[in-house]
Amino acid sequence: MERLRIFTLPLLLAAVILLPITSCEKIKEATDKVGEALNRTPEGPGPANQPDPTQILAEEPDAVMPPPPDPEEARKAAIVINKEARVSILGYHDFTTDERPRSDMIINIDDFRDQLQQIKDAELPVISMREFLDWKQGEADIPAECIMITVDDGWKATHTLATDVMAEFGFPFTVFLYKKYVGVGGRSMTHDEIRDMIAKGATIGSHSVSHSNMAKKGGKSTDDYNKWLKVELEESYQFLMDNFGETGGVVKIFAYPYGIYSDQIKEMAIEYGYEAAFTVNGKKTKWDVDNLEVGRYIVHGTTLANFGPALSFGGGSVSGAGRKLISESKNEDGEVQGPLVTMTPAKDANVTTRLPLIQMDLSKLDGVVADSISMRVTGLGMAPHKYDPETGIISYQLPMRLRTDSCGVMVQFNHSGSNDVEKIGWNFKVDQLAEYLSKENSLIVSPMKMNLPTEDAKGQPVAQPTTAAN
Ligand SMILES: [Zn+2]
């Protein structure tokens, strides 16, 4: 009997009951319909003749009533989050006008400006901490590949040098302050400088009270250690709220001093309600990364190391099957065979043109589905590649000069040899100086069987490869 009654319910009830097995889009549709039905203003003959939808629902006494749609749930369900998006978070410390910084943790301000220019040229959007957290919390989406900028400690030059450069580019940034180094003179920022920095686009987060290695118990008793950790985590944030809370620039986030943390520290940070905590492990942050272990690329001022990898989104995500395709293999007779798929420029090759022709040779694969092929290039997003089924070659000529010293490419396709989508990503290096010095924009690649371009973007003949890349 019960079951029969369910079938007699209006269609909109059925839509609500089916909610759990429908997609987000459909959930939104369904909840919209319910909302419409409930809020609709009567038309036509007037209220007297128009049955009130809420009454219809109420007058079905034995009906299995679905819970009324929770507007908050419905709103969240309607938000589409790109869980494949990746954020490269940069970590800086101190800035200087000296040509040669004394330490890796200090960067020359012109080098810094140059790095921001590279981010801009690569068309990588820079997101704010709030945007990052909203994405992690399923509240809002972010671009597929983007950058976030953080600065640690509270050095005066963060205000006197870096803030204006950040403002030149309109990039939001986050500064992690530790209580004992706020407004204490010397090279620490004053309260007013911090307020000015917030007014110019900075978000403030906690970097502990004392800037000690929090995982080091030292001679403390367990009880004392626990109390001390609590102070480092809680008092540091409270201090920021007390002093800068009214600016609206303080966010409940934490940067572990030296990037060092333990399970206990993480748990205490969760308990205290930190939205996220940051380490110094240089890797891209994906949606499913633990919010209390978010990695950052610490950019070194003397070697400028870490910046190239931080800006490169192409590599590091070759699917298992894709890896086999680009590796050497042995046939049944034990003979070594070259890779089935080859790329130009090769992985890690150094090219001496800033306008490289990117190619992938799929001629050794059967049943490549032309429509399934996609190519993404760092900073450009989806590239309008060409695919020639005759030669089996995918190609894409970069339309504008690469200004970064590394370029990443990701190609995906289906072929009859595998049920899965093949994903092949690789990076190559761009020798900016070599192109500058050389008259011929020749392409230096690893030797491989591939149809190479006979001329470059300027119509100059391209030297055929004879040199192996390092
Ligand atoms: Zn620090």
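Reader: In which sense do strand β16 and strand β20 pair?

Author: The model under discussion is predicted. Strand β16 covers residues 374-377 and strand β20 covers residues 406-413. The two are joined over 4 bridges, and their sense is antiparallel.

Reader: Which residue of β20 is the bridge partner of S374?

Author: S374 falls in β16, which comprises residues 374-377. Its bridge partner in β20 is Q412.

Reader: Which residue of β17 is the bridge partner of V377?

Author: β16 is also joined to strand β17, residues 381-382, by 2 bridges, and these strands run antiparallel. In β17, the residue that partners V377 is G381.

Reader: In what order do the 4 strands of the open sheet with antiparallel pairing stand?

Author: One pairing within this sheet is that of β13 with strand β15, residues 357-361, which is antiparallel over 3 bridges. T342 of that pairing has D361 as its bridge partner in β15. The pairing in the open sheet is antiparallel, and the order of its 4 strands is β13-β15-β19-β18.

Reader: Why is one side of β13 and of β18 left without a neighbour in the sheet?

Author: Neighbouring strands of this sheet are turned against each other by 15° on average, direction ignored. β13 and β18 (386-388) each have a single partner strand, so one side of each lacks a neighbour, and their place is at the edges.

Reader: Which residues are joined by a cis peptide bond, and what is omega?

Author: P345 has its place in the loop between β13 (342-344) and β14 (350-351). The cis peptide bond joins T344 and P345, with omega at about -10°.

Reader: Is D153 buried or exposed?

Author: D153 is found in strand β4, residues 145-153. Its phi is near 90°, a positive value in a residue other than glycine. The cut-off for a buried residue is 20 or more other C-beta atoms within 10 Å. D153 has 21 such atoms within 10 Å, and therefore counts as buried.

Reader: How does E123 count in terms of exposure?

Author: E123 lies in the loop between α6 (109-121) and α7 (129-136). Although E123 is not a glycine, its phi is positive, at about 55°. Because E123 has 13 C-beta neighbours inside 10 Å, its class is partly exposed.

Reader: Which residues of α7 are buried?

Author: α7 is mostly covered, with 6 of its 8 residues buried. The elements that cover these buried residues include β1 (86-92), β4, β5 (173-177), β6 (202-206), β7 (250-255) and β8 (276-278). After α7 comes G138, whose phi is positive and near 75°. The buried residues of the helix are M129, E131, F132, L133, W135 and K136.

Reader: Which residues of β6 are buried on one side and which on the other?

Author: β6 is mostly covered, and 5 of its 5 residues are buried. Both faces of β6 are therefore represented among the buried residues: A202, I204 and S206 on one side, T203 and G205 on the other.

Reader: Which residue in β6 does F173 stand opposite?

Author: β5 is joined to β6 by 5 bridges, and the two strands run parallel. The residue of β6 that F173 stands opposite is A202.

Reader: At what angle do helix α10 and helix α11 pack?

Author: Two packed helices are described by the angle between their axes and by the distance between the axes. Helix α10 spans residues 222-244 and helix α11 spans residues 263-271, with their axes 10 Å apart. The angle is about 45°. That angle makes α10 oblique to α11.

Reader: How do the residues of the contact of α10 with α11 divide into nonpolar, polar and charged?

Author: The crossing of the two helices, α10 and α11, is right-handed. On α10 the contact is made by L229, K230 and L233, and on α11 by I265, M268 and A269. These residues divide into 5 nonpolar, no polar and 1 charged.

Reader: What share of the 470 residues in the protein is buried?

Author: The protein has 14 helices and 21 strands. Of the contacts with a separation of 6 or more, 66% are between residues 24 or more positions apart. Buried residues make up 33% of the 470 residues.

Technical notes
Residues are numbered from 1 along each chain as its sequence is written. This is a predicted model: local features need pLDDT of at least 70, side-chain atom pairs count only at pLDDT 80 or more; totals for chains, interfaces and linings use all residues. Axes are lines fitted to C-alpha atoms, for helices over the stretch in contact, and angles run from 0 to 180 degrees between N-to-C directions. Angles under 35 degrees count as roughly parallel, over 145 as roughly antiparallel, 65 to 115 as roughly perpendicular and the rest as oblique. A crossing is left-handed if the near helix is turned anticlockwise from the far one by less than a right angle, and right-handed if clockwise. Two residues are in contact if their C-beta atoms, placed from the backbone, lie within 7 Å. Ala, Val, Leu, Ile, Met, Phe, Trp, Tyr, Cys and Pro count as nonpolar, Asp, Glu, Lys and Arg as charged, and the others, Gly among them, as polar. A residue is buried if 20 or more other C-beta atoms lie within 10 Å of its own, exposed if 12 or fewer, and partly exposed in between; C-beta atoms are placed from the backbone. Two strands pair if DSSP finds at least two bridges between them.
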